[in-house]
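Me: Please take a close look at one part of this protein. Tell me what is hidden there, what shows, and what it touches.

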Amino acid sequence: MSRSTRLSTPRAPAGRDSGVRARIGSALGGLVLTLGHLPTIYVTCIAYMANPAGPWDSETVAHSDIASGLALVLSGITALLTWLFVKVEWLRGWWYAVPAVLAAAALLRLTLLAPEL
């Protein structure tokens, strides 16, 4: 057998393998971010639903502030995860909008729309 007629194992095209990895990465990134956004949405809704019963109910105001602060922290974490997934090119840049909107909503509840006694 000569060198030019050696048997070789067939290989998959390079584009197909990287395309499958990119799709799996995109699905994984989207799932992780969606699961990260759900508690942020929940805590933000809790912050907006907390209204004091009267001038004596400072505890409800404190709980609303705590929920808003927690929503800000969770938005920051998901923004960092979004940066990671966009950096490895699994997701597109529009994913930054979701943590930005959630952070803005939490910040508004913490400042301008805070419950008053």
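Reply: In helix 2, the buried residues are T60, V61, S64, A67, S68, A71, S75, T78, T82 and F85. Buried means under 20% relative accessible area, exposed over 50%, and partly exposed in between (1.4 Å probe, protein chains only). Residues three or four places apart in an α-helix point the same way, because there are 3.6 residues a turn.

This is a predicted model, so local features need pLDDT of at least 70 and side-chain atom pairs count only at pLDDT 80 or more, while totals for chains, interfaces and linings use all residues. Numbering runs from 1 along each chain as its sequence is written, and side-chain values use heavy atoms, with hydrogens and water left out.

Helix 2 covers residues 58-87, which is 30 residues. At 1.5 Å a residue it should span 44 Å (1.5 Å times one less than the number of residues). Its end C-alpha atoms are 44 Å apart, so the two values agree. Helices here are DSSP runs (H or I, at least four residues; strands are E, at least two), numbered from the N terminus. The protein has 3 helices and 0 strands. Read along the sequence, the pattern is α-α-α.

Now the buried side. A67 and A71 belong to the largest nonpolar core, together with V43, A47 and A106. That makes 5 residues in all. Helix 1 and helix 2 each supply at least two of them. Such a core is a set of buried Ala, Val, Leu, Ile, Met, Phe, Trp, Tyr and Cys residues joined through side-chain atoms within 4.5 Å. A67 is in contact (heavy atoms within 4.5 Å) with V43, I46 and A47, leaving aside neighbours within four places in sequence.

S75 is another buried position in helix 2. Its relative accessibility is 2%, which is why it counts as buried. With the same neighbours within four places left aside, S75 contacts T40, P99, L102 and A103. Across the whole protein, 26% of the 117 residues count as buried. Residues 24 or more positions apart account for 73% of the contacts with a separation of 6 or more.

Next, the surface. W83 and L84 join a nonpolar patch with L28, V32, V88, W90 and Y96. Together these residues have about 610 Å² of accessible area (Shrake-Rupley method, 1.4 Å probe; for residues, only the protein chains shown count as cover). Patch members have over 30% relative accessible area and no salt bridge (side-chain nitrogen of Lys or Arg within 4 Å of a carboxyl oxygen of Asp or Glu); nonpolar side chains (Val, Leu, Ile, Met, Phe, Trp, Tyr) are joined within 5 Å, like charges within 9 Å. Helix 1 (14-49) and helix 2 each give two or more residues to the patch. V32 sits in helix 1. It is partly exposed, because its relative accessible area is 31%. The protein as a whole exposes about 8300 Å², and carbon and sulfur atoms supply 68% of that.

Last, the end of the helix. Just after helix 2 comes E89, with a positive phi of about 65°. That is a positive value in a residue other than glycine. E89 lies in the loop between helix 2 and helix 3 (97-110). At a relative accessible area of 68%, E89 is exposed.
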